[in-house]
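Me: Please take a close look at the part around the ligand, then work outward to the rest of the chain. Keep it brisk.

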Amino acid sequence: MDLLNTLVDKGLRRELPTREEALAVLATSDDELLDVVAAAGKVRRQWFGRRVKLNYLVNLKSGLCPEDCSYCSQRLGSKAEILKYTWLKPDDASKAAAAGVAGGAKRVCLVASGRGPTDKDVDRVSETISAIKEQNEGVEVCACLGLLSDGQAGRLRAAGADAYNHNLNTSEATYGDICTTHDFSDRVSTVQQAQAAGMSACSGLIAGMGESDADLVDVVFALRELDPDSVPVNFLIPFEGTPLAKEWNLTPQRALRILAMVRFVCPDIEVRLAGGREVHLRSLQPLALHLVNSIFLGDYLTSEGQAGKDDLAMIADAGFEVEGTDTTTLPEHRRQDCGAAAADEADDADGDSEEIAATVPAPSDDTRRDLVSVRRRGAGTDLPPNA
Ligand code: SF4
């Protein structure tokens, strides 16, 4: 297929595909799926070999958020019966993090619900970062605390945060459909503040919220322009009790096509398979390892994931290996010269979008509510974490 040959060549050269090419990946048929996975797999192996980085989520503060992100079980008015608790003490957060590290996680992601932290919250998280770093040599810590105010990114960096996560989630054009309490530009600004403070930026998307192919391509190109070091790809977990509970729009095949498209647009960036992989990829999860070079181990913030030991077995069975702390995730060239080159390439490719008609994927009746289960163990409970 000419398209795939072109995309492999571009991926190996770190060249940005056109929007038309990215849309064409999403439009491939199920008959072409293994060819698409094989092509994107070549790009993945060029920059990341067969390594899989493991990340572990610790929800520091769960539920009761004043924001109205419609995909989120922690949102204002959510009826989802999730765990609700206020800030974990640093020692408790550190214990939860240690379980993930013992399970093979290289990065711990400290997440808190809310619009953004107060300065007191930043102090609290700074203590937690110190506790985790003292007790887990070499671990990377990423903070995810919402929108940042002036000076907070610098304080988190000074406290030892290696990275900051804030997702763009969906295209700028549709952002107002999923959230009314903040906008796309607020999110972009927080990612830029994290970068300016010297933290590694992590920013990704959520697929399956009813967006068009053009929206998906738009958000991935917007991410590429921001040039984060890692891009988590979430697939919507349609929680009962949230406005998007009925959005079951993904098949395992579509989820793979989305991951392949992200890999082609972000060839040498850490692409992380995030929430919803068990729900939407199901038995095709191992194929996704040919596309992404990073996954979350165990449970998510408010939902339960596959058992951590099954994650490890899946990686080994598929012929991949867990990335150790002695290996740097990103290829050498990205450690030296990230920003400008990628941003320039993104500018060069901007012209193609107008020619492409938006295609809204046909909704699937492939609902698997049995795979959506609220987290009842780990942080905020007396039960051991899944790691
Ligand atoms: S700000 Fe974060 S925690 Fe709050 S509703 Fe949005 S995604 Fe959920």
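Reply: First, the vocabulary: helices (H or I, at least four residues) and strands (E, at least two) are DSSP runs, numbered from the N terminus. Residues are numbered from 1 along each chain as its sequence is written. The model is predicted: local features need pLDDT of at least 70, side-chain atom pairs count only at pLDDT 80 or more, and totals for chains, interfaces and linings use all residues.

Start at the ligand. Around it sit Cys-65, Glu-67, Cys-69, Cys-72, Gln-74, Arg-75, Ser-113, Arg-115 and Gly-146. To be near it, a residue needs its C-beta atom, placed from the backbone, within 6 Å. The shell splits into 3 nonpolar, 3 polar and 3 charged residues. Here Ala, Val, Leu, Ile, Met, Phe, Trp, Tyr, Cys and Pro are nonpolar, Asp, Glu, Lys and Arg charged, and the others, Gly among them, polar.

The UniProt record, an unreviewed entry, puts a "binding site" at Cys-65, Cys-69 and Cys-72. UniProt positions follow the numbering used here, feature names are shortened, and annotations may be inferred rather than shown by experiment.

Take Cys-65. It is in the loop between β1 (51–61) and α4 (90–102). Cys-65 counts as buried because it has 21 C-beta neighbours inside 10 Å. The cut-offs: 20 or more other C-beta atoms within 10 Å of a residue's own make it buried, 12 or fewer exposed, anything in between partly exposed, with C-beta atoms placed from the backbone. Leaving out residues up to four places away in sequence, Cys-65 touches Gln-74, Arg-75, Leu-76, Ser-113 and Gly-114. Contact means C-beta atoms, placed from the backbone, within 7 Å. Gln-74, Arg-75 and Ser-113 are also in the ligand shell.

Cys-69 lies in the loop between β1 and α4. It is buried, because 21 C-beta neighbours lie inside 10 Å. Beyond residues up to four places away in sequence, Cys-69 touches Arg-75, Ile-178 and Cys-179.

Leu-64 is in this loop between β1 and α4. Its phi is positive, about 60°, although Leu-64 is not a glycine. Most residues other than glycine have a negative phi. Leu-64 counts as partly exposed because it has 15 C-beta neighbours inside 10 Å.

Now widen the view. The unreviewed UniProt entry annotates residues 47–277 as "domain: Radical SAM core". Over residues 47–277 the chain is 37% helix and 18% strand. The end C-alpha atoms of that span are 23 Å apart.

Within this range, look at α8 (residues 184–196). Its 13 residues should span 18 Å at 1.5 Å a residue, and the end C-alpha atoms are 19 Å apart, which agrees. The expected span is 1.5 Å times one less than the number of residues. Buried in α8 are Arg-187, Thr-190, Val-191, Gln-193, Ala-194 and Gln-195. An α-helix has 3.6 residues a turn, so residues three or four places apart point the same way. The cover over α8's buried residues includes α6 (152–158), β4 (163–165), β5 (200–202) and α9 (213–226). After α8 comes Gly-198, with a positive phi near 90°.

Asp-227 is in the loop between α9 and β7 (230–235). Its phi is positive, near 60°, in a residue other than glycine. Asp-227 is buried because 20 other C-beta atoms lie within 10 Å.

Arg-124 belongs to helix α5 (residues 119–135). It is buried, because 21 other C-beta atoms lie within 10 Å.

Toward the start of the chain is α2 (residues 19–26), where Arg-19, Glu-21, Ala-22, Leu-23 and Val-25 are buried. Their cover includes α1 (2–12), α3 (33–48), α9 and α10 (252–265).

Pro-385 lies in the segment after α15 (339–348). It is buried because it has 24 other C-beta atoms within 10 Å. Asp-299 is 86 residues away in sequence from Pro-385, and their C-alpha atoms are 8.0 Å apart. The contacts of Pro-385, beyond residues up to four places away in sequence, include Ala-96, Ala-99, Gly-298 and Asp-299.

Finally, confidence. pLDDT is the predictor's confidence in each residue, from 0 to 100. The protein chain averages 92, and 92% of the residues score at least 70. Over residues 338–358 the pLDDT is below 50, and this stretch has 27 contacts in the model beyond near neighbours in sequence.

Definitions and conventions. Contact = placed C-beta atoms within 7 Å.
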